[in-house]
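Welcome, and please open your viewer. We will go from one selection to the next, with a short stop at each.

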Amino acid sequence: MSTMVKRLCALVCALMLPLSALAEITWPANMQPGQLALKAYIELVNQNQSQQSRGWINSVFECYPTFATLGMTTFDMAEIPEGVELTFTMENGYLDTLQLRVNDPARFPALAASCIQAASPTVITLEEALKDPTAHANKAAKSPNNSFEDEVDLLNGMTPRVYYAYYPNQYRDGVSWLQMTLVFPLPGAAEAGVAVTPTPPPGDTELDFNITDYDGGTHLEVFTTPTPEPDSPAGEQ
């Protein structure tokens with residue numbers, strides 16, 4: 001067998017390995033329903049990460065019935081985060097919220113997309129889920145000293161919702177953080193696409209937030225209105 005054939009065989013075998021062999025996560029014994037829901041969700045996220053060849057979530061720092069913190073680290077089940085942190089809350093046995101924080105804009109889009117797609121896997125594709133995280137990472141990269149932050153509504157609704165933020169030099173240590181908050185839908189809600197808070201256009205704007213009820217859930221609508229010039233008729237009112 002030639003060297004090239006051997007290499008191809010080795011590659012095929014590696015691709016066929018289950019994710020459990022690639023990301024050795026040690027979960028608590030006798031897990032509660034919320035923890036089981038988290039485990040199933042992380043498996044979907046890691047499948048997406050595998051599809052993108054961008055590494056896996058492989059460390060659990062804390063895992064309680066209603067709260068958990070995980071990350072991507074050099075070695076499986078490390079004790080200290082390495083620039084990627086995923087913090088989850090669980091309520092009544094279901095996933096409630098996810099806060100993803102990444103200190104490298106180049107690593108943020110793929111992982112954020114993996115998390116978004118896993119929250120609505122039969123509706124949104126990984127390619128579609130990648131668009132908004134990429135846009136926000138590019139925004140941070142182009143203006144690394146300018147922060148931005150979406151107004152976050154943590155009340156669960158009928159669809160997953162996603163919000164973004166960027167904190168340059170947040171802890172005065174020279175490290176900047178991109179953040180995504182994902183609010184999971186209510187248990188039993190029919191799966192639908194992910195609602196993303198629109199990014200305000202360039203320039204000064206005023207944001208009007210209007211929360212409305214529909215089908216027993218809550219929907220956050222955001223309207224942007226340009227700030228009137230001081231000497232304009234609108235500004236004189």
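Two strands count as paired if DSSP finds at least two bridges between them. Keep in mind that this is a predicted model.

**First stop: strand 4.** Select residues 94-102, which form strand 4. Of its 9 residues, 7 are buried. Now add residues 84-91: this is strand 3, which runs antiparallel to strand 4 and is joined to it by 8 bridges. To see one pairing, pick Thr-89 and its bridge partner in strand 4, Thr-97. Then go to the hairpin between strand 3 and strand 4, where 2 residues separate the strands and Asn-92 has a positive phi near 55°.

**Next, strand 7.** Select residues 177-183, another antiparallel partner of strand 4, with 6 bridges between them. Here Leu-98 has Leu-182 of strand 7 as its bridge partner.

**Into the core.** Which residues have the most contacts inside the largest nonpolar core? Show Leu-38, Tyr-41, Phe-88, Leu-111 and Met-180; the core has 43 residues. Its largest share, 8 residues, comes from helix 4 (residues 108-119). Stay on Leu-38 for a moment: among the residues it touches are Trp-27, Cys-63, Phe-88 and Leu-95.

**Last stop: a helix pair.** Keep helix 4 and add helix 6, residues 131-142. The two pack at an angle of about 150°, with axes 8 Å apart. Angles over 145 degrees count as roughly antiparallel, so that is how helix 4 and helix 6 lie to each other. Their crossing is right-handed. To view the contact, show Phe-108, Pro-109, Ala-112, Ala-113 and Ile-116 of helix 4 with Pro-133, Thr-134 and Ala-137 of helix 6.

Conventions: Residues are numbered from 1 along each chain as its sequence is written. This is a predicted model: local features need pLDDT of at least 70, side-chain atom pairs count only at pLDDT 80 or more; totals for chains, interfaces and linings use all residues. Side-chain values use heavy atoms; hydrogens and water are left out. Buried means under 20% relative accessible area, exposed over 50%, partly exposed in between (1.4 Å probe, protein chains only). Helices (H or I, at least four residues) and strands (E, at least two) are DSSP runs, numbered from the N terminus. A nonpolar core is a set of buried Ala, Val, Leu, Ile, Met, Phe, Trp, Tyr and Cys residues joined through side-chain atoms within 4.5 Å. Contact means heavy atoms within 4.5 Å. Axes are lines fitted to C-alpha atoms, for helices over the stretch in contact, and angles run from 0 to 180 degrees between N-to-C directions. Angles under 35 degrees count as roughly parallel, over 145 as roughly antiparallel, 65 to 115 as roughly perpendicular and the rest as oblique. A crossing is left-handed if the near helix is turned anticlockwise from the far one by less than a right angle, and right-handed if clockwise. Lists of a residue's contacts leave out its neighbours within four places in sequence.
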